[in-house]
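Student: I am new to this structure and would be grateful for a close look at a single part of it. Could you please take the packing of its helices and explain it in one connected account?

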Amino acid sequence: MPSETIKLTAKFKLKKTPEGLDVLFKTYREIVNFLITYAFENNVTSFYRLKKETYKSLRKEYPELPSHYLYTGCQMATAIFKSFRKRRKKGKAKGKPAFKKEVIMLDDHLFKLDLEKGTVKLSTPRGRIQLEFYPAKYHEKFKGWKVGQAWLVRTPKGTFLNVVFSKDVEVKEPKAFVGVDLNENNVTLSLPNGEFVQITTHEREIRTGYFVKRRKIQQKIRAGRKRKELLEKYGRREKNRLNDLYHKLANKIVELAEKYGGIALEDLTKIRESIRYSAEINGRLHRWSFRKLQSIIEYKAKLKGVRVVFVNPAHTSSLCPVCGGKLSPNGGRIVKCLNCGFEADRDVIGSWNVRLRALKMWGVTVPPESLLMSGGGRLSATFGTCEPIVADNQNGYGITSLKSLKNSSKCSLLTWGIMTILM
């Protein structure tokens, strides 16, 4: 059975910050800025070259500093310089890059985490020091996971250790796929049993509400500490609400997909490059953090042994899943096939096509290529729009289960045929 590696980052808040860390943060910032300047002046983007050309001089200047701080400093500097070059090419950056944050990158030679005792041992110029952190309930799930690199971060709220954990999990071969169509305000699932489930998230209202609130604050308070505090306060509230929504949503999707073994998502990594609408809609879509939801679905699915695949998102809501013909608007969210007459909600169509594309990637013959679904003009005459059969409002979002087709003997035959092919 194939295995995949899951990586998750956990945050640990330190109870006390020793005075010696102030010097460590200052020294590390000086080193990274020196390396960035060297990379900028010599156009160095290779970590190995930067380390080779600067290590000896830095070792002489900081003889008491553990050598691995120089290694991670080179990693930080090359990453910052590469990012700066990309932004400069797009006209979004100028001048020279600089490192101003209170952040130290740690590899596994510089710290040792003990989840049982609630401590972390950190290498410093004065030797190893032991720091205590506040234990949290979610830390317990990382027992037995492999500890990777970490970041020591100092903020006005305290000093935190952000640790990357990894775990190898066995992912089963899927029996079938659940197609997932993500939208601003809902998520629609296409199930292999011929039904559809639509979950209303209200994400667009949440984001728009907080956007309007921040805009009013910016208009009323032009500058100052109070303005900054209010903007940060509502930014945190929005982030917390959406994080809670995403985790509940991902749990529901994985729960529905667990018995089938597969989830199909659209590859939306380049969607922002193709957004060409009004300024209002462009801004709204750019604020939509679909990739974060997808990453949460992906890791939660892997933990349950469910495989996740990404398919081409082009035309998933505009092509007929039965005959492959072009769909045309037919009032509201309903679209109709100009070729075979099939009509349904565009989100339902999207999730259906996502599932079919995943099956094609898996080598399964599905509509419109299958003989059963090709040329289905006679069957399509009885198609109707999807109708809700169950609705509730648990955990802050609505869940609606949809029948794939209106009841009729011909439609039942079509649903049975799809199940036979896909299972």
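**Helix α5 and its surroundings**

Tutor: The accessible surface of the protein comes to about 23,000 Å², and 50% of that surface belongs to carbon and sulfur atoms. The model is a predicted one. Its 423 residues include 46% that are buried, and its secondary structure consists of ten helices and 17 strands. Among contacts with a separation of 6 or more, 66% join residues 24 or more positions apart.

The part chosen here is helix α5, which spans residues 225-257. Two packed helices are described by the angle between their axes and the distance between the axes. Each partner of α5 is taken in turn below.

The partner treated here at the outset is α4, residues 203-220. The axes of α4 and α5 cross at roughly 175° and come within 10 Å. An angle over 145 degrees counts as roughly antiparallel, and α4 and α5 are therefore roughly antiparallel to each other. On the α4 side, the contact is made by E203, I206, R207, Y210, K213, R214, I217 and Q218. These residues meet R227, L230, L231, Y234, G235, R237, E238, R241, L242, L245 and Y246 of α5. By class, the contact of α4 with α5 holds nine nonpolar, two polar and eight charged residues.

The other partner is α7, residues 290-303. Here the axes lie 9 Å apart, and α5 and α7 pack at an angle of about 40°. Angles under 35 degrees count as roughly parallel and those from 65 to 115 as roughly perpendicular; α5 and α7 fall in neither range and are therefore oblique to each other. The crossing in which α5 passes α7 is right-handed. From α5, the residues K239, N243, Y246, H247, L249, A250, N251, I253 and V254 take part. Their counterparts in α7 are K292, L293, I296, I297, Y299, K300 and A301. The contact of α5 with α7 divides into ten nonpolar, three polar and three charged residues. Y246 of α5 appears in both contacts: it meets residues of α4 and residues of α7.

The loop that leads into α4 also deserves attention. H202 lies in the loop between β10 (195-200) and α4. Its phi is near 60°, a positive value in a residue other than glycine. With a relative accessible area of 35%, H202 is partly exposed. A further histidine may be set beside it: H315, in the loop between β12 (307-311) and β13 (327-329), has a phi near 65°, which is likewise positive in a residue other than glycine. H315 counts as exposed, at 51% relative accessibility.

Two loop residues elsewhere in the protein are buried. H139, in the loop between β5 (127-132) and β6 (146-155), has 6% relative accessibility and counts as buried. Leaving aside residues up to four places away in sequence, H139 touches K11, F12, L115, F133 and Y134. L14, in the loop between β1 (3-13) and α1 (20-42), is buried at 4% relative accessibility. Beyond its neighbours within four places in sequence, the contacts of L14 include F133 and Y134, two residues that H139 also touches.

In summary, α5 is roughly antiparallel to α4 and oblique to α7.

Conventions: Residues numbered from 1 in each chain as written. Predicted model: local features only at pLDDT ≥ 70, side-chain atom pairs only at ≥ 80, totals over all residues. Heavy atoms only, no water. Axes fitted to C-alpha atoms, helices over the stretch in contact; angles between N-to-C directions. Helix = DSSP H or I, 4+ residues; strand = E, 2+ residues; numbered from the N terminus. Left-handed = near helix turned anticlockwise from the far one by under 90°. Contact = heavy atoms within 4.5 Å. Nonpolar A, V, L, I, M, F, W, Y, C, P; charged D, E, K, R; others polar. Buried < 20%, exposed > 50% of the residue type's maximum accessible area, 1.4 Å probe, protein only. Areas by Shrake-Rupley, 256 points an atom, 1.4 Å probe, with all protein chains shown as cover.
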